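Please find below some notes on the model under review. They are set out as numbered points for discussion.

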Amino acid sequence: MRLFLAAIFISLAVGFVNACSPADKAALLAFKAALNEPYLKIFDSWKPSSTKCCSDFYGVSCDPTTGRVADIILRGESEDPIFEKAGRSGYMTGSLSPALCKLDRLSTLIVADWKAISGEIPACIPSSLPKLRILDLAGNQISGKIPADIGSLGRLTVLNLADNRISGCIPASIVNLGSLMHLDLNNNQLTGAIPSDIGKLTMMSRALLSKNQLTGSIPVSFSNIYRLADLDLSMNKLSGLIPGQFGSMRVLSTLNLDSNQFYGNIPSSLLSSSGLNVLNTSRNNLEGELPDVFGPETYFSVLDLSYNKFKGPIPKSLSSVRYIGHLDLSYNHLCGTIPIGEPFEHLGASSFANNDCLCGSPLRTC
Ligand SMILES: *[C@@H]1O[C@H](CO)[C@@H](O)[C@H](O)[C@H]1NC(C)=O
């Protein structure tokens, strides 16, 4: 009897998986209707006559227990054989229909790298999709603002809106995304300041805000995010001082601050940090002498301090570092003898070019 009930349950569950909630199917078909994908024809599998949207619709999958649509994963660049067959990457025009908001059990929404999807992020998403964990709309031409109530997506772990045309500010509510691990807003048209309490995002390990028009200073609260490994604020209009606290962040390994308007000294904690492996502060207005704080623990694959206003000598301790892969001190006002040492041997003259009066190998002899 028990076996019999189990069999019925399983067949019901399988039935759910294959069948489609009529409301979900209608929402998916409305989503499809607002898009045009001419080359791969992925939407050919989204047939209005099909009763099995969970199994038949390309890129759609459902929760096996509820039979409701849980994931839409449509990537314009992937290893999927259909791309190989078509011999090209994806291309799609149209926009994201607000009908998506009727899929109220949606956990993953990935509609990325289709190059030409335009229109705005449906404003209903934050209030309608409480189960959303991944929102990835990168690599399109989406414009308009990030919905102001984005912070109500309490389960969101990935927010990737990179490589679009999104404008306006980073909404203040973003700091309420308590589960957020990856934030990627690179290469948009965002303006205004980074919320000063961004440090409330304590789960975050990557924060990528490069290539926008952000202004104001760096929130010191970033340094409270002890999981933060990768912080990219490059190519904005940020100014002010670089917080010294960044040098004591436990797992921070990449810090890109290049092409902004930062001024003041470079915090010695950044150069003495043993965890930081990539530091780029190129093209800012940093000044003063470089602190003589390098040590045998220092390991930089990239240390780019070029195009600033540093003066004085190159710190002697730099010759004692464990490793420096790419060093760039060019276009400053440094002066004096270039230290000699093993970490320097592979570096060419361009690492030291265009300073005031540096000398010694690989430049002219002193
Ligand atoms: C550092 O940033 C500058 C300016 O944005 C960029 O041109 C350079 O390639 C970066 N350095 C490295 C090693 O990536």
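1. Which residue in β3 is the bridge partner of S61? The partner is D71. Strand β2 and strand β3, the latter covering residues 69–75, run antiparallel and are joined by three bridges. The model is a predicted one, and the points that follow should be read accordingly.

2. The wider setting of this pair is an open sheet of 12 strands with mixed pairing, ordered β2-β3-β5-β6-β7-β9-β11-β13-β15-β17-β19-β21. Its edges are formed by β2 (60–62) and β21 (323–328); each has a single partner strand, so one side of each lacks a neighbour in the sheet. From one strand to the next, the twist averages 10°.

3. L137 lies in the loop that connects β6 (134–136) with β7 (158–160). L137 is buried because 23 other C-beta atoms lie within 10 Å, the threshold for this class being 20 or more. Leaving aside residues up to four places away in sequence, L137 touches V111, A112, I121, I142, L161 and N164. Between L137 and I117, 20 residues apart in sequence, the C-alpha to C-alpha separation is 9.3 Å.

4. An unreviewed UniProt entry lists residues 128–206 as "domain: Disease resistance R13L4/SHOC-2-like LRR". In the model this span is 20% strand and 1% helix, and its end C-alpha atoms are 26 Å apart.

5. Around the ligand stand S234, D258, S259, N280, S282, R283, V302, D304 and H326. By class, this shell comprises five polar, three charged and one nonpolar residue.

Note on methods. Residues numbered from 1 in each chain as written. Predicted model: local features only at pLDDT ≥ 70, side-chain atom pairs only at ≥ 80, totals over all residues. Near = placed C-beta within 6 Å. Nonpolar A, V, L, I, M, F, W, Y, C, P; charged D, E, K, R; others polar. UniProt positions renumbered as here; feature names shortened; annotations may be inferred. Helix = DSSP H or I, 4+ residues; strand = E, 2+ residues; numbered from the N terminus. Buried ≥ 20, exposed ≤ 12 C-beta atoms within 10 Å, placed from the backbone. Contact = placed C-beta atoms within 7 Å. Pairing = 2+ DSSP bridges. Axes fitted to C-alpha atoms, helices over the stretch in contact; angles between N-to-C directions.
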